[in-house]
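Let's take a stroll through a protein structure together. Have the sequence and the 3D view ready, and look up each spot as we get to it.

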Amino acid sequence: MSARTLLITGGAGFIGSHVVRLFIGSHPEYRIVNLDALTYAGNLENLSDIESASNHVFVHADITDEKAIDRVFSEHAVDAVIHLAAESHVDRSILDPLSFIRTNVMGTAVLLNTARRYWKDRQDVLFYHVSTDEVYGSLGDTGLFTEETPYDPRSPYSASKASSDHLVKAYHHTYRLPVVISNCSNNYGSHQFPEKLIPLMINNIVHRKPLPVYGEGLNVRDWLWVEDHARAIEVVFHQGRNGETYNIGGFNEWRNIDLVHLLCRIMDEKLGRAEGDSASLITFVKDRAGHDQRYAIDASKIHRELGWSPTLQFEEGLRRTVDWYLQNPTWVEHITSGSYLEYYQRQYSNR
Ligand code: NAD
Ligand code: DAU
């Protein structure tokens with residue numbers, strides 16, 4: 001695949017900004033068109049160090065806007081897409097499912113359809129869809145999600161992502177559109193919006209606010225350093241086989257309560273607080289509706305076929321993440337002002 005112009009959607013978000021940074025730094029041969037609607041989760045400050053790179057163009061547009069997407073394909077002669085733009089937070093999908101269906105399902109359909117119209121039968125192009133392990137549903141105490149696990153999405157978020165995966169596969173099957181999909185576990189690292197578990201807890205500890213642990217904190221997630229995910233995307237983009245799915249994960253399962261305790265210990269140490277100070281903020285709150293019990297990814301296919309594995313040990317990754325948030329209070333302040341606070345208050349006033 002010899003892409004020259006690469007359209008990355010959602011490049012001002014958490015994972016997208018890491019992917020854009022990696023591609024701009026490692027692939028000067030590509031022109032990166034970074035398209036993002038700049039929703040509450042998108043932030044151009046995430047790209048401040050690379051915004052003016054000569055191989056980077058930012059386009060402010062919504063993926064559901066057919067005319068805008070058409071214009072991008074026509075003006076930029078797009079050769080490949082890495083599609084990350086999405087509504088990404090499960091709790092928000094419970095409060096407002098339709099915006100997830102609009103962006104994640106309709107937006108993906110608009111991109112696929114535009115790509116098909118422009119690319120026709122070209123086979124030297126690629127539509128790479130970045131998806132989630134949540135499409136596979138929820139695990140019991142044992143077992144791992146493989147690429148063959150049947151889809152069983154259970155939240156409006158995961159159902160919308162599963163729908164978009166199916167559309168990608170349908171365009172491959174029906175129109176021979178060259179595609180690849182990856183399904184990844186929970187990411188953590190710098191620039192993650194502080195509504196997701198790890199940055200929310202860090203921010204609340206800093207401000208000595210309660211740490212809301214859903215239910216009894218016994219749900220399990222498999223955590224992966226965001227820069228390892230970005231590297232996996234780079235590898236799949238270049239070496240993934242047409243029509244294939246690759247699972248990406250950290251082989252790093254944690255019960256939420258154990259993770260929060262570890263984070264509390266790190267924060268006490270970094271903030272010079274007495275041991276146990278942060279943990280005293282832990283507050284068990286009403287469980288998330290339909291809360292999936294356990295996710296765990298079998299990432300052996302991407303390791304075996306493409307040679308990728310996670311590099312960063314979890315505690316080291318958490319320490320680096322904590323350092324980044326402590327060193328960037330202005331970033332947190334900017335991104336958490338405005339609509340996010342309204343949402344947060346609405347969510348917690350029901351508990
Ligand atoms: P994020 O919420 O941080 O960023 C999403 C980005 O998409 C934002 O910049 C936002 O402005 C943009 N966006 C939203 N709606 C848009 C629209 N209609 N048009 C154009 N842009 C729009 O999300 P993230 O955590 O970086 O996730 C990126 C992708 O990776 C998503 O597709 C998500 O499903 C997937 N994913 C995330 C994780 C995770 O742990 N965060 C794990 C696996 C897969
Ligand atoms: O598995 C991949 C998915 O991981 C991605 O597709 C999603 O985009 C991403 O948001 C993430 O989904 P989760 O729902 O697993 O992530 P979240 O950080 O919201 O929650 C992680 C766990 O922590 C989950 O079991 C719910 C729990 N939790 C979360 C929050 C925000 C709490 O106990 N308290 C909280 O305040």
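## Ligand 1 and its surroundings

In this predicted model, a polar atom in the side chain of Asp-36 sits 2.5 Å from an oxygen atom of ligand 1. Another oxygen contact involves the backbone: an N or O atom there in Thr-39 lies 3.0 Å from an oxygen atom of ligand 1. Thr-103 uses its side chain instead, with an N or O atom 3.2 Å from a nitrogen atom of the ligand. How much of ligand 1 does the protein cover? On its own the ligand has 840 Å² of accessible area, and the protein covers 96% of that.

Now for the neighbours. There are 28 residues around ligand 1, and the ones that come nearest are Ile-15, Asp-36, Ser-88, Tyr-157 and Lys-161. Sorted by character, the shell has 14 nonpolar, 11 polar and 3 charged residues. If you'd like to find the shell by element, α1, β5, α5 and β7 (186-188) each give two or more residues to it. The largest share, 3 residues, comes from β5.

## Ligand 2 and its surroundings

Over to the other ligand. Ligand 2 is surrounded by 24 residues, and Thr-132, Asp-133, Tyr-157, Arg-288 and His-291 are the closest. You've met Tyr-157 already, since Tyr-157 is also among the residues that come nearest to ligand 1.

Three side chains put a polar atom by an oxygen atom of ligand 2. For Asp-133 the distance is 2.5 Å. For Thr-132 the distance is 2.7 Å, and His-291 also has a polar side-chain atom at 2.7 Å. Taken alone, ligand 2 exposes 680 Å², and the protein buries 95% of that.

Which elements give two or more residues to this shell? They are α6 (197-206) and β8 (211-214). Of these, β8 gives the most, with 3 residues. The shell's residues divide into 10 nonpolar, 8 polar and 6 charged.

## Salt bridges

Next, the charged pairs. Searching the whole structure turns up 20 salt bridges. Here are some of them, with the distance from N to O:

| Pair | Distance |
|---|---|
| Arg-122 and Asp-79 | 3.0 Å |
| Asp-152 and Arg-154 | 3.9 Å |
| Asp-292 and Arg-154 | 2.9 Å |

Why does the pair of Arg-122 and Asp-79 tie together separate parts of the sequence? Arg-122 is in the loop between α4 (97-119) and β5 (126-132), while Asp-79 is in the loop between α2 (66-76) and β4 (80-83), so the bridge joins parts that are 43 residues apart in sequence. Are the two partners buried or exposed? Arg-122 counts as partly exposed because its relative accessibility is 30%, whereas Asp-79, at 2%, counts as buried. This pair also belongs to a network of salt bridges that links Arg-4, Asp-79, Arg-122 and Asp-124.

Arg-154 appears twice in the table, with Asp-152 as one partner and Asp-292 as another. The bridge to Asp-292 links distant parts of the chain: Asp-292 is in the loop between β12 (282-285) and α9 (300-306), Arg-154 is in the loop between β5 and α5 (156-175), and 138 residues separate them. With 4% relative accessibility, Asp-292 counts as buried. Arg-154 is partly exposed at 47%, and Asp-152 is partly exposed too, at 38%.

## The nonpolar core

Here's a rule of thumb to keep in mind: in soluble globular proteins, nonpolar side chains tend to be buried together. In this model, the largest nonpolar core has 43 residues. Which of them touch the most other members? Leu-6, Ile-82, Tyr-128, Phe-237 and Ile-302 do. At least two residues apiece come from β1 (5-9), α1, β4, β5, β6 (179-184), α7 (226-239), β10 (245-248) and α9. The largest share belongs to α7, which supplies 7 residues.

## A proline on the outside

One last stop: look for Pro-28 in the loop between α1 (14-26) and β2 (31-36). Pro-28 counts as exposed because its relative accessibility is 62%, and exposed means over 50%. Pro-28 and Ala-53 are 25 residues apart in sequence, and their C-alpha atoms are 9.7 Å apart in space.

Notes:
Residues numbered from 1 in each chain as written. Chains lettered and ligands numbered in written order. Predicted model: local features only at pLDDT ≥ 70, side-chain atom pairs only at ≥ 80, totals over all residues. Heavy atoms only, no water. Near = heavy atom within 4 Å. Polar contact = N/O pair within 3.5 Å; in protein donor to acceptor, adjacent residues only side chain to side chain. Areas by Shrake-Rupley, 256 points an atom, 1.4 Å probe, with all protein chains shown as cover. Helix = DSSP H or I, 4+ residues; strand = E, 2+ residues; numbered from the N terminus. Nonpolar A, V, L, I, M, F, W, Y, C, P; charged D, E, K, R; others polar. Buried < 20%, exposed > 50% of the residue type's maximum accessible area, 1.4 Å probe, protein only. Salt bridge = Lys/Arg side-chain N within 4 Å of Asp/Glu carboxyl O. Core = buried A, V, L, I, M, F, W, Y, C linked by side-chain atoms within 4.5 Å.
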